[in-house]
Amino acid sequence: MGMINNLRTAVLMAGAVTEFALGPVRPNPSRGTVTFAYQLPRDAHVRLTVVDVQGREIATLANGPATTGRHTANWSGRTQSGQ
């Protein structure tokens, strides 16, 4: 299984998915729910988390198997403890 290290934000384009990529957060700025777009060139285990400025994980948006293609995950801005 491949792991994405030092991931750069990529523009997710129409057409064939040929690389692992994470798109920009939309809308930005936001006071409510935001959407993360990501793409996978092959089936993979995906773990998508939100961390605070100190590197602490505050929310898990995806954690499990995902199929090839384009995906989205939404985040309400709330932490796992509900804050």
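**View 1. Partly exposed Arg47 and its salt bridge to Glu57 in the predicted model**. Arg47 has a relative accessibility of 45% and therefore counts as partly exposed. Its partner in a salt bridge is Glu57, with 2.7 Å between the closest N and O atoms. Because Arg47 belongs to strand S3 and Glu57 to strand S4, the pair ties together parts that are ten residues apart in sequence. Glu57 is likewise partly exposed, its relative accessible area being 37%.

**View 2. The salt bridge between Arg56 and Asp52**. The closest N and O atoms of Arg56 and Asp52 are 2.7 Å apart. The count of salt bridges in the model comes to two.

**View 3. The largest nonpolar core**. This core holds 13 residues, of which Phe36, Tyr38, Val46, Leu48, Val50 and Trp75 touch the most other members. At least two residues of the core come from each of strand S2 (34–40), strand S3 (44–51), strand S4 (57–66) and strand S5 (69–75).

**View 4. The surroundings of Val46**. When residues up to four places away in sequence are not counted, Val46 touches Tyr38, Leu40, Ala62, Asn63, Gly64 and Ala66. Val46 and Tyr38 are both among the core residues that touch the most other members.

**View 5. Buried Gln39 and the backbone of Glu19**. Gln39 is located in strand S2. With a relative accessible area of 6%, Gln39 is buried, because the cut-off for this class is under 20%. A polar atom of the Gln39 side chain lies 3.3 Å from the backbone oxygen of Glu19.

Methods:
Residues numbered from 1 in each chain as written. Predicted model: local features only at pLDDT ≥ 70, side-chain atom pairs only at ≥ 80, totals over all residues. Heavy atoms only, no water. Core = buried A, V, L, I, M, F, W, Y, C linked by side-chain atoms within 4.5 Å. Buried < 20%, exposed > 50% of the residue type's maximum accessible area, 1.4 Å probe, protein only. Helix = DSSP H or I, 4+ residues; strand = E, 2+ residues; numbered from the N terminus. Contact = heavy atoms within 4.5 Å. Polar contact = N/O pair within 3.5 Å; in protein donor to acceptor, adjacent residues only side chain to side chain. Salt bridge = Lys/Arg side-chain N within 4 Å of Asp/Glu carboxyl O.
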